[in-house]
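Let's walk through some helix packing and one chain-to-chain contact. Have the viewer open and follow along.

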Amino acid sequence: MDKTEIHPGGERVHVDAHAHAEHHEELGWWRTYVFSQDHKVIGIQYAFTGLFFLLFGFTLMMIMRWQLAYPGRPIPLIGQWFGQDRAPMGIMLPEFYNQLGAMHGTIMVFLGVVPLAVGGFGNFVMPLQIGAPDMAFPKINMASYWVYFLGGVTMLASFFQRWDHGVGAAQSGWTSYPPLAVIAPGQTLWLVGMIFLITSSLLGSVNFITTIVQLRAKGLSYMRMPFFVWAQFVTAFLLLLAFPPLEAAGVLQLMDRLAGTSFFMPSGLVVSGKPMLIAGEGNPLLWQHLFWFLAHPEVYVLILPGMGIVSEIIANNTRKPLWGYKALVYSVVFLGFMSFIVWAHHMFMTGMGTTMSAFFQTTTMIISIPSVVILTALLLSLWGASIRFTTPMLFALAFIPMFGIGGLTGLPLGLAPADIHLHDTYYVIGHFHYVVAPGTIFAMFAGIYYWFPKATGRKMNEMLGAIHFWGSFICINIVFMPMFIQGLGGMNRRMYDGGMQYAHNKELLKYNLIIGIAAWSLGLFQLPFIVNFLGSIKWGAPVDKNPWEATTLEWSAPSPPGHGNFLTEPIVYRGPYEYSVPGSAKDFTPQFEPERA
Amino acid sequence: MHSDPAAIKKSVRTYFMVGAALFAGTVITVSANQVHLAIPIAITVALIIAITKGSMVAAVFMHLSHEKKWIYGALVLTVIGFLVLMTVPMFTMMDSIGTPDAQAGAPHAETPRH
Amino acid sequence: MNIPYTVEERPDSGLANGKLGIWLFLASEVMLFGALFSTYIILRTGASEWPHGELNVWLGMANTFILIASSVTMVMAWASLKLNDWGKHRLYLIATFVLAGIFLVNKYFEYSSHWTRGELPSRSTFLAIYFTLTGLHGLHILGGMVVMAYFIGPGASLWKRNPDQFANRIEYTGLYWHFVDLVWIFLFPVLYLL
């Protein structure tokens, strides 16, 4: 008997009874949409949660920028919501400013960008791009999402914890340096939250590496993998090996806070005029080493998936192969390896001697080479191209100069003598935001516009996308470019009055107002994106399997793919970027098509 | 790998022999401790014995001696990371510019802080 | 849904998924304990004096013997499966579980003797790192015991349904267990002897 059925992508497909029984075990609503083991559902869960936290972290920053633009003025509209402990009469207390600052960093990095970039894009796209039916360990995948969720809830809850003199979250920077972090309020839940998040990451990275090694489709050799997969592969190794020291350090700091140990507490500490009754002989620098041992590779975790996404989109919208695929692969692997031995360039001002400073300076300069190779390869990929200015391509194109600025401004920070002047100033904030905000987050937007059709079977609106892009691009540069000027002028970071108390900042204060207005405008320009994203799920123009005419494996699955992803076993016949091959009828030859057109 | 019964039977003998060797190694390491060596030598001896014992556990019990390339590769990377973590922070503290801690002899804690 | 290479090995890597997965997990554990060993080194080199004789060397040595024995019984539990001897497998697995339990009981006596003498983690950086290193190690022993209990109890039925998969899982449990033993092989001399 010939049975047919409609698959999620809309195609009518022949199904034999046995496969039917296998594919359609009736899982209830909870097991299908909430506690799902399907990498696509988990990826979407990560993406939605990550996007929520990005918005939340962004909102924290918008509130901070009010205090910096108008120090001491009551926060409009929402000021009274914060209560007496945070903003009496709507005027932000310094402690609240510090909470906003510490949590903005923590939430953006650990709850927003990485879950979206790795948990969201990695989970959804990677198995499809390698032709796998799912991840190697679906149950562990599900667990990793829910542990992340718990970590997020813990971090949010930390805003409401009460202590002796007030209420609120961690306020010792996202870096949580002792001794301050050990004695400051709000850190305990932060540390517990971090332990959840790190555990989630470790579970995920084991899954990613195993999946890429073990579940590649027939014909998909390593050097035929899309660069996005390489980027996720290296990222997973960074997470696997670099996160555990921070997990250990988090436990140690928790013990310092709760059990009175002195892992990080030096002898002779005096707090508010009273000597601390602790054993002492601990070392605050030990925390810094363990923290930065993770946090440096972490910044590559932040950027690598974005580079992968941008690479896919550039190849697709230039209708040319990526320039220097081999160089890209070797560079990203070398970068991953080097990222483990540069961390103390965050510690140049801790009293390190010249030998070790020179060591870290050297490794830091060396690591800039693969980054430049990658960026150059992306830039050269544009040469002679017939560019399709789709919304994903707008964001991907902007990534190149934006990451370029971010990367180049990092060089003086990596040179110990220059860092003496620039450390802990707004220059640093400008540098790292350029790489993460118009860098990674633009890459995230690009990826969302690009893979939305695969996940939903519909396209997002191009007009709203263009407004989102141009508004964001202009505003984001106005937010971060002045910070270099402020930093070079000597304005310190983490000061709740915007630097007013120092005479040398006088000429730099005006930028705070400009930055604030640009930041709030940037917030407004995310509205077209939110409307577009949510609205297109229901009302976007329907598409079929391969609306972008792309070459990689995920475009051979239905849009959206069903359980098990592919209707027939995917087989790979060639490399990932066979665009505009001379002599073929179409301007692209997918990896999964047996014969050239 | 070794899935056929004859090979496994041979391995069984090896397992028990390694177990005995590990017991012996433990006795040696405790005895070596009774001899009062200078600290650097004591550390070296203890580490050599521990590394020998650990290698036997890894090679034989964990079958690492005939494991696949991917496992070796991941472990080599890990060992490098481990060594970096052991040595580099210490080097930065040895090579520091600053005054040594004035040990004021902080009083002992009576109750843990919250 | 059927994920390939869950039981059988993938030709080019020569591995089943779980084997690679457990080794990657152990790699991350090396870095976790590594951070604590690094902490030990830094705290010790920064301390004005480092205590000796506060720990019971004989109890530590006994525990070392116990853990080594449990490693032998663990690998034998897996080897017995490969030799199709279900009875021996049960014996060895239960023996491993019992030995692990004895280790933890010894640690309990050790800890309580410290606590009654007021030797808490807050007393000195030595005690702090001692309790943290052995405490984290002890948690790993407990975790291993939970997994073993599962395979002694409800998980044992997998042997009838899919003997190869069950043997693999025992192998992976063994790899984890040997790692826990390996950590102790370094912990014991570092904390108790040096």
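## H3 against H6 in chain A

Start with who touches whom in this predicted model. On the H3(A) side, the contact uses A:His39, A:Ile42, A:Gln45, A:Tyr46, A:Thr49 and A:Phe53. Facing them from H6(A) are A:Asn141, A:Met142, A:Tyr145, A:Phe149 and A:Gly152. Sort that contact by class and you get six nonpolar residues, five polar ones and no charged ones.

Now the geometry. H3 covers residues 39-69 of chain A and H6 covers residues 138-157. Their axes come within 10 Å and cross at roughly 15°. Since angles under 35 degrees count as roughly parallel, that makes H3(A) roughly parallel to H6(A). As for handedness, H3(A) and H6(A) cross in the left-handed sense.

## H5 against H15 in chain A

Another helix pair to pull up in chain A is H5, residues 94-129, with H15, residues 426-456. Here the axes sit 11 Å apart, and the packing angle is about 30°. H5(A) and H15(A) are therefore roughly parallel to each other, and their crossing is left-handed.

Which residues do the touching between H5(A) and H15(A)? From H5(A), pick out A:Val113, A:Leu116, A:Ala117, A:Phe121, A:Phe124 and A:Val125. From H15(A), they meet A:Val436, A:Thr440, A:Met444, A:Gly447, A:Trp451 and A:Ala455. The class count for this contact comes to ten nonpolar and two polar residues, with no charged ones.

## Chain B on its own

Over to chain B, which has three helices and zero strands. Read from the N terminus, its elements go α-α-α. Chain B is 114 residues long, and 25% of them count as buried.

## Where chain B meets chain C

How many residues of chain B are in contact with chain C? The count is 41 on the chain B side, against 40 residues of chain C. H1 (5-34), H2 (39-61) and H3 (69-94) of chain B each put at least two residues into the side that touches chain C. H1(B) provides the largest share of that side, with 13 residues.

What about the chemistry of chain B's side of this contact? It splits into 28 nonpolar residues, eleven polar and two charged. So if you're colouring by class, there are two charged residues to look for on the side of chain B that touches chain C, whereas the contact of H3(A) with H6(A) has no charged residues, and the contact of H5(A) with H15(A) has no charged residues either.

Key: Residues numbered from 1 in each chain as written. Chains lettered and ligands numbered in written order. Predicted model: local features only at pLDDT ≥ 70, side-chain atom pairs only at ≥ 80, totals over all residues. Axes fitted to C-alpha atoms, helices over the stretch in contact; angles between N-to-C directions. Helix = DSSP H or I, 4+ residues; strand = E, 2+ residues; numbered from the N terminus. Parallel < 35°, antiparallel > 145°, perpendicular 65-115°, else oblique. Left-handed = near helix turned anticlockwise from the far one by under 90°. Contact = placed C-beta atoms within 7 Å. Nonpolar A, V, L, I, M, F, W, Y, C, P; charged D, E, K, R; others polar. Buried ≥ 20, exposed ≤ 12 C-beta atoms within 10 Å, placed from the backbone.
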